[in-house]
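This report describes the fold of a single chain, from its overall composition to one strand group and one helix. The sequence and the structure are shown below.

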Amino acid sequence: MGDCRRVGVAVDFSPCSRKALKWAVDNLVRSGDHLILVCVRPEGYYESGEMQLWETTGSPLIPLSDFSDSHIMKKYAVNPDPETLDIITTASRQKEIIALMKIYWGDAREKLCESVDNIPLDCMVLGNRGLGKIKRAIMGSVSNYVVNNASCPVTVVKSHD
């Protein structure tokens with residue numbers, strides 16, 4: 001993986017994704033790494049904003065200074081929560097990492113796997129929602145799909161809530 005790794009963390013700003021982000025910061029990233037938050041929004045019709053430009057390829061890599069700005073993120077229809085922003089801002093400063101965000105629109109399973117090759121990522125961390133067996137059978141598990149289809153190592157941070 002070399003000196004500068006690209007560590008991806010799937011985020012949807014839920015407690016599960018915050019736990020995965022915190023785990024990645026505490027256990028995986030080190031000075032000089034790029035920590036890339038990968039956010040996947042549902043497909044849909046968006047009247048205006050940057051998502052129309054980047055619907056197929058995903059957004060450009062967005063620096064921390066921009067994804068901390070609510071006016072800029074409104075253009076992408078993404079609203080990062082204060083706790084996630086605090087985790088990433090603190091990690092960026094303390095661990096001397098470069099924090100970026102990439103936003104995709106579509107099916108989370110497919111887009112997370114695409115992000116591994118498109119960015120490209122050296123590894124991916126994601127949380128799981130702890131779906132029961134019936135819900136997982138009906139809806140499908142994003143984490144299970146990514147573990148089995150991504151072309152890089154994937155760590156799933158379990159939620160025990």
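## Basis of the description

Two strands are taken to pair if DSSP finds at least two bridges between them. Helices (H or I, at least four residues) and strands (E, at least two) are DSSP runs, numbered from the N terminus.

The model is predicted: local features need pLDDT of at least 70, side-chain atom pairs count only at pLDDT 80 or more, and totals for chains, interfaces and linings use all residues. Residues are numbered from 1 along each chain as its sequence is written, and side-chain values use heavy atoms, with hydrogens and water left out.

## Overall composition

The chain contains 8 helices and 6 strands, arranged along the sequence as β-α-β-α-β-α-α-α-β-α-β-α-α-β. Of its 161 residues, 44% are buried, where buried means under 20% relative accessible area, exposed over 50%, and partly exposed in between (1.4 Å probe, protein chains only).

Among contacts (heavy atoms within 4.5 Å) with a separation of 6 or more, 81% are between residues 24 or more positions apart. The accessible surface, from the Shrake-Rupley method with a 1.4 Å probe, comes to about 8,700 Å², and carbon and sulfur atoms contribute 50% of this area.

## Strand 2 and its partners

Strand 2 is mostly covered, with 7 of its 8 residues buried. Strand 1 runs parallel to strand 2 and is joined to it by 6 bridges; Val9 has Leu37 of strand 2 as its bridge partner. Between these two strands the chain passes through helix 1 (residues 15-27), forming a right-handed β-α-β crossover. Right-handed here means that, with the strands pointing away from the viewer, the path from the first strand over the helix to the second runs clockwise.

Strand 2 also pairs with strand 4, in the parallel sense and over 8 bridges. One of these partnerships links Arg41 to Trp105 in strand 4.

## Helix 6

Helix 6 spans residues 108-118, and its buried residues are Lys111, Leu112, Cys113, Ser115 and Val116. These buried residues pack against strand 1 (6-11), strand 2 (34-41), strand 4 (98-105), strand 5 (123-127) and helix 8 (142-149). At the N-terminal end, Asp107 acts as a cap, with a side-chain oxygen 3.2 Å from the backbone nitrogen of Arg109.

Glu110 also belongs to helix 6; this residue is partly exposed, at a relative accessible area of 44%. Glu110 and Asn149 are separated by 39 residues in sequence, while their C-alpha atoms are 8.9 Å apart.

Technical notes: Polar contact = N/O pair within 3.5 Å; in protein donor to acceptor, adjacent residues only side chain to side chain.
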